[in-house]
Amino acid sequence: MYLSGLHMYLTGLHMYLSGLHMYLTGLHMYLTGLHMYLLGFMPVSVRFTHVSVRFTPVSVRFTPLPVRFMPVPVRFTPAPVRFTPAPVRFTPAPVRFTPAPVRFTPAPVRFTPAPVRFTPAPVRFTPASVRLTLASVRFTPASVRFTPASVRFTPVPVCLFRAWEEWAGLEQVEDYLSFLEYLLWVFTPLIIVFIVPFLIVILLYLSILFLHVYKRKNQLKEAYCNNLWDGARKTLAILWDGHGAIWHGYEVHGMEKIPDKGPALIVYYHGAIPIDYYYFLANVIIQKGRTCHSVADHFLFKIPGFKLLLEVFSVIHGPQEECVRALKNGHLLGISPGGVREALFSDETYPLLWGKRRGFAQVAIDSQVPVIPMFTQNVREGFRSLGTLRLFRWLYERFRLPIAPVYGGFPVKFRTFLGDPIPYDPNTTAAELAERVQQAVRSLIDRHQKIPGCILRALVERIYTKHKNN
């Protein structure tokens, strides 16, 4: 009887350990899912296969076997011994298979030692009377299919972000960033290796620029003795002239057509950035000793910090009366009829976007001055704009916002050509004069510029070719 109770106890202990094993298995699956939740931020793909948990009813059979006690004088202490069959209760814990841990709680098996009394009366009890087969509870692990790779838990905000990413077509952003990171890793050593020689080249160019200024120290000393602003203008002119000579190999052809004294109206083609015109103004100051007044768009006067520069170099915003006054006072005046529209929306084919503008012609007629056409070769290859996009053109035409992006700064060859002056003719109307000036500028473009312009060709011209005067 003692062995039977021990057998039942060990059987219950085995069942308890089996349930503990299933509990640890469920905990392992939960931790696996949590691990994948923390590592994976990908679209949710959860597949659960139907769980089949089968429990076989416990077969408890009491078989009456004859137990015979021989009439041997055996004396038992009259201590009350009662054998109360302890209830074997096996309550199947609810199997809940959720993304949460799988808990399998084995039913408590309690064995209560009850007092047992043996009397001389025949007692029949067989140890095999209680049979509890382990096969009665069948839990097939293979019936629960849990594919770790197929269960990925992703929070709802991440799902929404992924959906937006797919809708916006940004699925490959991570790949692109990884590729850029790889390129940065590859080229960083090359950049470090070549940056020191590059800095040395910059230092050499700065030295050349300093020598270019120092060469004209006598002119600067004389200019500063006469007037403070004259000295400042000549200093900046020498700096700009040195920059043009070093970076673009800047040349001016026809400077003799600019009068040493007296007024003249200079009409030029407007590049994306009129840096060629800045070089021209510097040459006029250095070679002719004169300051050329200029007409600029009104937005330039709204840029913070530009006021002093515009005043020193006599830049005006362009009313006809002020232009006429400058010319009648004997100054040179430079103007581009295309203005900002031509700067932003022209292209490498060099179209003149003057429209029906005749104000410059009327200024020349009212002032009775000659008109000198001007064009700079490769000015569109030095800097280009994205004004051909409709959005930027619409913003300018609608709101007068000159916000088309400009790119470039390439060291291409710049040559400025001055055409023959168009003298004043009292019998010529403003429309006729505007047409003649436009044809003169167009003639300079056709003669000195290969159309369409090419940045590579302009770079080659900077190094290998020389201009032949016609």
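**Note on a predicted model: P351, strand β4, the cores and the largest pocket**

1. P351 counts as partly exposed, because its relative accessibility is 25%, and buried would require under 20%. The model is a predicted one. P351 sits in the loop that links α9 and α10.

2. What does P351 touch, leaving out residues up to four places away in sequence? The contacts are Y269, E342, S346 and R442. Of these, Y269 is 82 residues from P351 in sequence, yet the two C-alpha atoms are 9.5 Å apart in space. Y269 also appears among the residues with the most contacts inside the largest nonpolar core.

3. That largest nonpolar core has 31 residues. Besides Y269, those with the most contacts inside it are L265, V267, F360, V371, L433 and V437. At least two residues of this core come from each of β4 (264-268), α8 (320-328), β7 (332-335), α10 (359-367), β8 (371-377) and α13 (430-448). The helix α13 gives the most, with seven residues. In soluble globular proteins, nonpolar side chains tend to be buried together.

4. L433 can be followed residue by residue. Not counting residues up to four places away in sequence, L433 touches A361, A364, I365, V371, I422 and T428. Another core, of 22 residues, lies apart from the largest one, and includes I258, L281, F383 and A458.

5. Is β4 enclosed or open to the outside? Five of the five residues of β4 are buried, so the strand is largely enclosed by the rest of the structure. A264, I266 and Y268 point one way from β4, while L265 and V267 point the other way. In a regular strand the side chains alternate between the two faces of the sheet.

6. Which strands pair with β4? β7 runs parallel to β4 and is joined to it by four bridges, with A264 opposite L332 in β7. β8 also pairs with β4 in the parallel sense, over four bridges, and here L265 stands opposite V371. Both L265 and V371 are listed among the residues with the most contacts inside the largest core.

7. The largest pocket holds about 1,200 Å³ of space. Its lining has 47 residues, and H270, V295, A296, D297 and L300 lie nearest the centre. Two or more lining residues come from each of α5 (228-248), α6 (275-288), β5 (292-295), α7 (307-312), α8, α9 (339-345) and α10. By class, the lining has 35 nonpolar, eight polar and four charged residues. Two of these elements, α8 and α10, are named for the lining and also for the largest core.

Methods:
Residues are numbered from 1 along each chain as its sequence is written. This is a predicted model: local features need pLDDT of at least 70, side-chain atom pairs count only at pLDDT 80 or more; totals for chains, interfaces and linings use all residues. Side-chain values use heavy atoms; hydrogens and water are left out. A nonpolar core is a set of buried Ala, Val, Leu, Ile, Met, Phe, Trp, Tyr and Cys residues joined through side-chain atoms within 4.5 Å. Buried means under 20% relative accessible area, exposed over 50%, partly exposed in between (1.4 Å probe, protein chains only). Contact means heavy atoms within 4.5 Å. Two strands pair if DSSP finds at least two bridges between them. On a 1 Å grid over the protein atoms alone, a cavity is a set of points where a 1.4 Å probe fits but cannot get out, and a pocket is an open set with protein on both sides within 12 Å along at least five of seven lines; lining residues have an atom within 4 Å of a point. Grid points are joined across faces, edges and corners, and a volume is the space filled by probe spheres set on the points. Ala, Val, Leu, Ile, Met, Phe, Trp, Tyr, Cys and Pro count as nonpolar, Asp, Glu, Lys and Arg as charged, and the others, Gly among them, as polar.
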